[in-house]
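Please load the model in your viewer and keep the sequence panel open beside it. The tour below proceeds by selection, stating at each stop what is to be found there.

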Amino acid sequence: MDDTLLLLTVAAVALVVGLAAGWAVQSAAVRRRLARERSFFGLPEGSECVLVTHRDSSSAQWSIPRHDALALLGLAAVIENCGAHPEVAPHDTGLQGFGARTEFCVGDPTAHRRLAAHMASLLPGVAVHPGDESGAGRGTFAVGGSSYRVEPGAVEYVLLARLTAGEGGRPVFLAAGQRPVTHRAAVRHLVRNRARLARKHGADGQFCLLLKVVNSQAYGPDVVELVADVTKAATVPAEPKGHRAAA
């Protein structure tokens with residue numbers, strides 16, 4: 001074998017070995033990323049989860065409001081990637097307690113029964129104003145001593161939370177917003193920032209974020225700002241006003 005052929009053979013072997021090593025490293029990175037994603041969402045391969053949403057009151061049949069349906073589609077891609085199996089359920093259907101399987105609860109807490117129940121149990125520091133007789137103030141959030149009132153189409157707020165409770169330890173994800181477009185915005189924020197949220201709060205960590213959707217009339221759910229991480233204030237019962245004033 002002459003020197004040229006020997007060099008070509010060595011180069012070819014080195015190329016094959018390099019490609020195999022690169023493929024192995026990339027595959028390992030993909031597996032680690034998928035494992036972290038499954039852990040964050042509580043979705044081991046083959047597991048089950050439930051997506052709980054509103055009924056569309058404008059339809060005679062059971063159907064999902066447009067923005068909520070699009071939010072669920074965003075979650076469906078994550079669920080499929082994790083190899084889990086989803087069930088879609090209306091908010092007023094009797095469901096088992098939480099913790100046995102991952103739950104995604106999306107909607108308006110003044111009208112979504114299961115979401116309201118989760119918030120009362122898991123986010124006792126958050127108050128949601130039901131509105132007066134004319135509907136004024138409906139959906140206003142109060143948390144951490146501050147109130148956040150909706151300005152339809154201009155400024156709207158949504159709470160995005162990952163919480164754990166009950167037996168089984170599977171998380172409950174809440175997207176509780178003042179208008180349907182905010183639910184979709186919150187789910188987008190969750191999906192797009194899932195790796196960062198997992199790093200910051202831990203794969204098993206709890207969080208509650210207050211997000212602001214800006215000018216949805218022009219931009220839909222695309223412009224979202226983080227107002228505050230309200231985890232501490234939201235997960236601890238709020239003190240009565242009189243007690244706080246006396247302190």
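## The largest cavity

The residues that line the largest cavity comprise 10 nonpolar, no polar and no charged residues. This is a predicted model, and the cavity is a suitable place to begin. Select Leu75, Phe104, Cys105, Val106, Leu160, Phe173, Leu174, Ala175, Val187 and Leu190, which together form the lining. The space they surround has a volume of about 50 Å³. A search of the whole structure yields two cavities of 30 Å³ or more.

Which elements each supply at least two residues of this lining? Colour strand E3 (102–107), strand E8 (171–177) and helix H4 (180–192) to see them.

## Along helix H4

Remain on helix H4 and select His183, which is found there. Is His183 buried or exposed? Its relative accessible area is 1%, under the 20% cut-off, so His183 is buried. Now display what surrounds His183: beyond its neighbours within four places in sequence, it is in contact with His54, Asp68, Ala71, Val106, Gly107, Asp108, Ala175 and Gly177. Among these contacts of His183 are Val106 and Ala175, both of which also belong to the lining of the largest cavity.

Next select Pro180, also found in helix H4. Pro180 is partly exposed, with a relative accessible area of 39%. Setting aside residues up to four places away in sequence, Pro180 touches His67 and Asp68. Asp68 is thus a contact of Pro180 and also a contact of His183.

From Pro180, draw a distance to Ala69: the C-alpha atoms are 9.9 Å apart in space, while the two residues are 111 residues apart in sequence. Ala69 has its place in helix H2 (residues 66–82). At 27% relative accessibility, Ala69 counts as partly exposed.

## The two sides of helix H3

Select helix H3 (residues 113–122) and show the side chains of Arg114, Leu115, His118, Met119 and Leu122, which are buried. Viewed down the axis of H3, these buried residues fall within an arc of 135 degrees, so they line one face of the helix. The face turned away from the buried side carries the exposed residues Arg113 and Ala120.

What covers the buried residues of H3? The cover includes strand E1 (48–53), E3, strand E4 (127–128), strand E7 (155–164), E8 and helix H7 (231–234). Of these, E3 and E8 were already coloured as contributors to the cavity lining.

## Ala233 in helix H7

Move to helix H7 and select Ala233, which lies in it. Ala233 is partly exposed, with a relative accessible area of 32%. Apart from its neighbours within four places in sequence, Ala233 is in contact with Gly125, Val143 and Gly144. A distance drawn from Ala233 to Val126 gives 7.9 Å between C-alpha atoms, for residues 107 apart in sequence.

## Helix H5 and the residue after it

Select helix H5 (residues 194–201), whose buried residues are Leu197, Ala198 and His201. Seen down the axis of H5, they fall within an arc of 100 degrees, so they line one face of the helix. On the other side of H5, show Arg199 and Lys200, which are exposed. Then step to Gly202, which follows H5 and has a positive phi, near 90 degrees.

## A positive phi at Asn215

Most residues other than glycine have a negative phi. Select Asn215, where phi is near 50 degrees, a positive value in a residue other than glycine. Asn215 lies in the loop between strand E9 (207–214) and helix H6 (216–219). With a relative accessible area of 28%, Asn215 is partly exposed.

## The whole chain

Finally, zoom out and show the protein chain as a cartoon, in which there are eight helices and 10 strands. Of its 247 residues, 40% count as buried. Among contacts between residues at least 6 apart in sequence, 65% join residues at least 24 apart.

Then colour by confidence. The chain averages a pLDDT of 83, and 76% of the residues score at least 70. Where does pLDDT stay under 50? Select residues 243–247, for which the model has one contact beyond four places in sequence.

Conventions: Residues are numbered from 1 along each chain as its sequence is written. This is a predicted model: local features need pLDDT of at least 70, side-chain atom pairs count only at pLDDT 80 or more; totals for chains, interfaces and linings use all residues. Side-chain values use heavy atoms; hydrogens and water are left out. On a 1 Å grid over the protein atoms alone, a cavity is a set of points where a 1.4 Å probe fits but cannot get out, and a pocket is an open set with protein on both sides within 12 Å along at least five of seven lines; lining residues have an atom within 4 Å of a point. Grid points are joined across faces, edges and corners, and a volume is the space filled by probe spheres set on the points. Helices (H or I, at least four residues) and strands (E, at least two) are DSSP runs, numbered from the N terminus. Ala, Val, Leu, Ile, Met, Phe, Trp, Tyr, Cys and Pro count as nonpolar, Asp, Glu, Lys and Arg as charged, and the others, Gly among them, as polar. Buried means under 20% relative accessible area, exposed over 50%, partly exposed in between (1.4 Å probe, protein chains only). Contact means heavy atoms within 4.5 Å. The arc is that of the directions from the helix axis to the C-beta atoms. pLDDT is the predictor's confidence in each residue, from 0 to 100.
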